[in-house]
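Subject: Structure for you to look at

Hi,

Here is the structure I promised to send over. Have it open while you read, and my notes on what turned up follow below.

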Amino acid sequence: MLTKLDWRGALVKAGIDVPDNKEEFAIPCPFHDTSHAGLSINTEKGVWICHAGCGEGRIVDFLEALLDITSNEALEMAMAEFDEDEELLDEDFFGNDPESTVIPNREVVFPFMPALEYPTWILNRGFTEQQLKAWECTVNNSTGSFIIPIKDHEAKLVGWVSRKAPDKAGSKYVYSLGMRTSQVIFGLSRVLKGVDKLYVTEGALDAIWLDQHGYSAVALLGIHMSNVQQALLLSKRPGEIVLCLDKDEDRIVKKTDGTITIKNPGLDARDKIQTRLGKITMAGMITIPDGYKDVQDIRDPKLLEQVLSASSEFLI
């Protein structure tokens, strides 16, 4: 078993579109309102700089500021333990164009066998074996991780997400290396065009959970929604889009000047999505009850129905 510091993988987990086979690239700066690719990142040197003056430094500092996390949490995102059977790939899945909005038609090989049995911890959450098999979930027999295949809107495999067991250290979720989560909507190929309500979650397991209870659901695979994902959602022409995002806790952030502020990255991301969707389509959101983190956490079907049916329309 080897360990490496994978800044490319950490940036992908943070929702950044990382072009393959490029050590240095530019993106629009997430710290100010712009569409110009004016923030440069060098994954080999582990540094970044915003040419508009927002800041510069190490990628670990960039991740801290972007996600409102500690330096240890940022480093943890970049730590990758792997061997020849690990679910991280070095293959170039998606080409080299960071501005591309179309995933090339390339075959992705799924290296895992169908599961003979599922981990107890996932079944104890209420997921049925029938449901997990329907979504083609399996297990990495080498690491024990729970594997969810990710398919695009045409039901073509583009990668997978690995979920570590609750008792394992490190990042809970790891995406196959090179997979651009901002270019896909998990579960969209299973949704009928013109569906009455389309429930949009953050994580793949949340979408699988809602589907198990009879709701048409998809996942953004993160807290942000890209332009590509927005277009994909609208392509299904749903009667209403209902956001079912996680209930994130406030975080106390200490700035370099010593001042302290309270931030909630989940709420900030939700507000941006609300503003965008509310201007172009019928859209609403649910309120996760106190004591619950996300829709998957709501095990009572009656309570889940109440929460989903009480969605409120955006007020823009």
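Let me start with threonine 181, which counts as buried because its relative accessibility is 7%, and the cut-off for buried is under 20%. Threonine 181 sits in the loop between β10 (173-175) and β11 (197-201). Leaving out residues up to four places away in sequence, threonine 181 touches Val12, Tyr175, Leu220, Leu221 and Gln229. Please keep in mind throughout that this is a predicted model.

Now the overall picture. The protein chain has 316 residues, and 46% of them are buried. Its secondary structure comes to nine helices and 17 strands. If you take the contacts with a separation of 6 or more, 59% are between residues 24 or more positions apart. The accessible surface of the chain is about 16300 Å², and carbon and sulfur atoms account for 49% of that.

Next, the nonpolar cores. As a rule, nonpolar side chains in soluble globular proteins tend to be buried together. Here the largest nonpolar core has 39 residues, and the ones with the most contacts inside it are Phe146, Ile148, Phe186, Leu210 and Leu221. At least two residues each come from α4 (120-123), β8 (146-151), β9 (157-163), α6 (204-212), β12 (217-219), β13 (240-244) and α9 (301-309). Of the contributors, α6 gives the most, with six residues. If you want one residue to click on, try isoleucine 148: setting aside neighbours within four places in sequence, isoleucine 148 is in contact with Cys137, Trp160, Val161, Phe186, Ala204, Leu205 and Ile208. There is also a second, separate core of 23 residues, and Ala14, Ile59, Leu63 and Met77 are among them.

Met77 also turns up in helix α3 (residues 71-78), where the buried residues are Ala74, Met77 and Ala78. Viewed down the axis of α3, these buried residues fall within an arc of 100°, so they line one face of the helix. The background is that an α-helix has 3.6 residues a turn, so residues three or four places apart point the same way.

Then there is a sheet worth a look. It is an open sheet of four strands in the order β2-β3-β4-β5, with antiparallel pairing. Which strands stand at the edges? They are β2 and β5 (56-58), each with a single partner strand, so one side of each has no neighbour in the sheet. On average, neighbouring strands of this sheet are turned by 15° against each other, ignoring direction.

Going across the sheet pair by pair:

- Strand β2 (residues 24-27) and β3 run antiparallel and are joined by four bridges; glutamate 24 stands opposite asparagine 42 in β3.
- β3 and strand β4 (residues 47-50) are also antiparallel, over four bridges, and serine 40 has isoleucine 49 in β4 as its bridge partner. These two strands form a hairpin with four residues between them, and glycine 46 in the turn has a positive phi of about 75°.
- β4 and β5 pair in the antiparallel sense over three bridges, with isoleucine 49 opposite glutamate 56 in β5.

Side chains in a regular strand alternate between the two faces of the sheet. You can follow this in strand β3 (residues 39-42): Leu39 and Ile41 point one way, Ser40 and Asn42 point the other way, and all are buried. Helix α2 (residues 59-67) lies across β2, β3, β4 and β5, and runs at about 110° to β5.

Finally, two backbone oddments. Glutamate 136 has a positive phi, near 60°, in a residue other than glycine. Glutamate 136 is found in the loop between α5 (129-134) and β7 (138-139), and is partly exposed, with a relative accessible area of 44%. Alanine 155 is not a glycine either, and has a positive phi of about 65°. Alanine 155 lies in the loop between β8 and β9 and is partly exposed, with a relative accessible area of 41%.

Cheers

Definitions and conventions. Residues numbered from 1 in each chain as written. Predicted model: local features only at pLDDT ≥ 70, side-chain atom pairs only at ≥ 80, totals over all residues. Heavy atoms only, no water. Buried < 20%, exposed > 50% of the residue type's maximum accessible area, 1.4 Å probe, protein only. Pairing = 2+ DSSP bridges. Core = buried A, V, L, I, M, F, W, Y, C linked by side-chain atoms within 4.5 Å. Contact = heavy atoms within 4.5 Å. Arc of directions from axis to C-beta. Areas by Shrake-Rupley, 256 points an atom, 1.4 Å probe, with all protein chains shown as cover. Axes fitted to C-alpha atoms, helices over the stretch in contact; angles between N-to-C directions.
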